There are 2 protein chains.
Amino acid sequence: MTQKTTRTLNQVDLASIGALVEKVRQEPHSAKTQWKAEVRWTGGFRSDSRCRDFGPVHSDEPTGLGGTNTAPNPVEQLLAALGNCLAVGYAANASAAGIEIRSLKIDLEGAIDLHTFLGLGGNNAGYESIRVGVHLDADATPAEIKALHEKVVGSSPVGHTLSRGVPLKIELA
Amino acid sequence: MTQKTTRTLNQVDLASIGALVEKVRQEPHSAKTQWKAEVRWTGGFRSDSRCRDFGPVHSDEPTGLGGTNTAPNPVEQLLAALGNCLAVGYAANASAAGIEIRSLKIDLEGAIDLHTFLGLGGNNAGYESIRVGVHLDADATPAEIKALHEKVVGSSPVGHTLSRGVPLKIELA
């Protein structure tokens, strides 16, 4: 009799994650990944981003900031990227720890002072801080949830990029 | 005879930008803006982000990283947010300077070592650096383009957030 073992938890394929970890252990250079995006300006404050073969994702500014309010703006997209990254972290680490996630919602917010963007002084055009509230309902003890949370926060690619800062080389091509 | 003055350049409404600048000059506190996003995990490494009343934007990971490859992943979204932000910066500052943009494409890329995310050592899960190539065709001299570029890079909300880093407060709610 053939027994099919489905090693999935939280719809995460544990075997493929295990294979990825094993591959990186065997071939450390395989951990080096490269990511790209292409952005095309489409008029006004609108633009489209494309990654790999996926269709365009629209960007715009609210009317109060001179846009036409057809899509989330770049600073909202930044918060979304952080939230999505943390969601992957919880799903991956909970699954590896045998914890079932019943639901997960992440609220993100941050403040920006427009003076610098508008050329009216100040020297920080970006977020002053970002607050994230994680609503996690999972089949685990409070101590296990706390350990999971600390692991996720300590290993988030977008989280680390934001909290540590990253060298940017922006050049006219 | 009524003369209607349409003060637009690059499809940017110069009057509304001017009004915004004037408002911030008169009422500095109006420059303080707050931005939010909400992310809901939808199974596996998939999640949806929502900002204001806009529909959900999907997120997933490539199959090689244990996902189902239905959308750009969070670290690609981060690059896209930076590119979209720079596009707004070029459109705003070119329009203010009377420069017509004929076309604008922005290529972004960066490298991430997966060791830290996978719990295999290292202490930076994020981008090591991000390179951005700006393809700008505009009705301006090379010196004007260079000045525009420096202004945009020096006043980008997403650019500053990334290059300086930002305090993150991530808590279980």
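# Figure legends: close-up views of a predicted model

**Figure 1. Overall composition of chain A in the predicted model.** Chain A comprises 4 helices and 8 strands. Read from the N terminus, its elements follow the order β-β-α-β-β-β-α-β-β-α-α-β. Chain A is more spread out than a compact globule, because its radius of gyration of 20 Å is well over the 16 Å given by the globule rule for 173 residues. Along the principal axes, the C-alpha atoms of chain A occupy a box of roughly 70 × 40 × 30 Å. Buried residues make up 53% of the 173 residues of chain A. Among contacts in chain A with a separation of 6 or more, 45% join residues 24 or more positions apart.

**Figure 2. Helix α2 of chain A, residues 74-96.** The 23 residues of α2(A) should span 33 Å at 1.5 Å a residue, and the C-alpha atoms at the ends of the helix are indeed 33 Å apart, in agreement with that expectation. Of these 23 residues, 22 are buried, so α2(A) is largely enclosed by the rest of the structure. Gly98(A), located just after α2(A), adopts a positive phi of about 75 degrees.

**Figure 3. Packing of α2(A) against helix α4 of chain B, residues 157-164.** Two packed helices are described by the angle between their axes and the distance between the axes. For α2(A) and α4(B), the angle is about 40 degrees and the axes lie 8 Å apart. The two helices, α2(A) and α4(B), are therefore oblique to each other. On the side of α2(A), the contact is formed by Pro74(A), Val75(A) and Leu78(A), while α4(B) contributes Pro157(B), Val158(B) and Thr161(B). Classified by residue type, the contact of α2(A) with α4(B) contains 5 nonpolar residues, 1 polar residue and no charged residues.

**Figure 4. Packing of helix α4 of chain A, residues 157-164, against α2(B).** The axes of α4(A) and α2(B) are 9 Å apart and meet at an angle of about 40 degrees. This angle makes α4(A) oblique to α2(B). Pro157(A), Val158(A), Thr161(A) and Leu162(A) represent α4(A) in the contact, and they meet Pro74(B), Val75(B) and Leu78(B) of α2(B). By class, 6 nonpolar residues, 1 polar residue and no charged residues take part in the contact of α4(A) with α2(B).

**Figure 5. Surroundings of Asn84(B) in helix α2 of chain B, residues 74-96.** Asn84(B) counts as buried because its relative accessibility is 1%, against a limit of under 20% for buried residues. With residues up to four places away in sequence set aside, Asn84(B) touches residues of chain A, namely Val39(A), Ser47(A), Asp48(A), Ser49(A), Ser59(A), Pro74(A) and Gln77(A). Pro74(A), one of these residues, also belongs to the contact of α2(A) with α4(B).

**Figure 6. Asn123(A) in the loop between β6 (101-113) and β7 (127-138) of chain A.** Asn123(A) is exposed, since its relative accessible area is 57%, where exposed residues are those over 50%. Leaving aside neighbours within four places in sequence, Asn123(A) is in contact with Thr116(A) and, in chain B, with His160(B) and Arg164(B). Asp137(A) is 14 residues from Asn123(A) in sequence, and their C-alpha atoms are 40 Å apart in space.

How values were computed: Residues are numbered from 1 along each chain as its sequence is written. Chains are lettered from A and ligands numbered from 1 in the order in which they are written. This is a predicted model: local features need pLDDT of at least 70, side-chain atom pairs count only at pLDDT 80 or more; totals for chains, interfaces and linings use all residues. Side-chain values use heavy atoms; hydrogens and water are left out. Buried means under 20% relative accessible area, exposed over 50%, partly exposed in between (1.4 Å probe, protein chains only). Contact means heavy atoms within 4.5 Å. The expected span of a helix is 1.5 Å times one less than its number of residues. Axes are lines fitted to C-alpha atoms, for helices over the stretch in contact, and angles run from 0 to 180 degrees between N-to-C directions. Angles under 35 degrees count as roughly parallel, over 145 as roughly antiparallel, 65 to 115 as roughly perpendicular and the rest as oblique. Ala, Val, Leu, Ile, Met, Phe, Trp, Tyr, Cys and Pro count as nonpolar, Asp, Glu, Lys and Arg as charged, and the others, Gly among them, as polar. The radius of gyration is taken over C-alpha atoms; the globule rule is 2.2 Å times the number of residues to the power 0.38.
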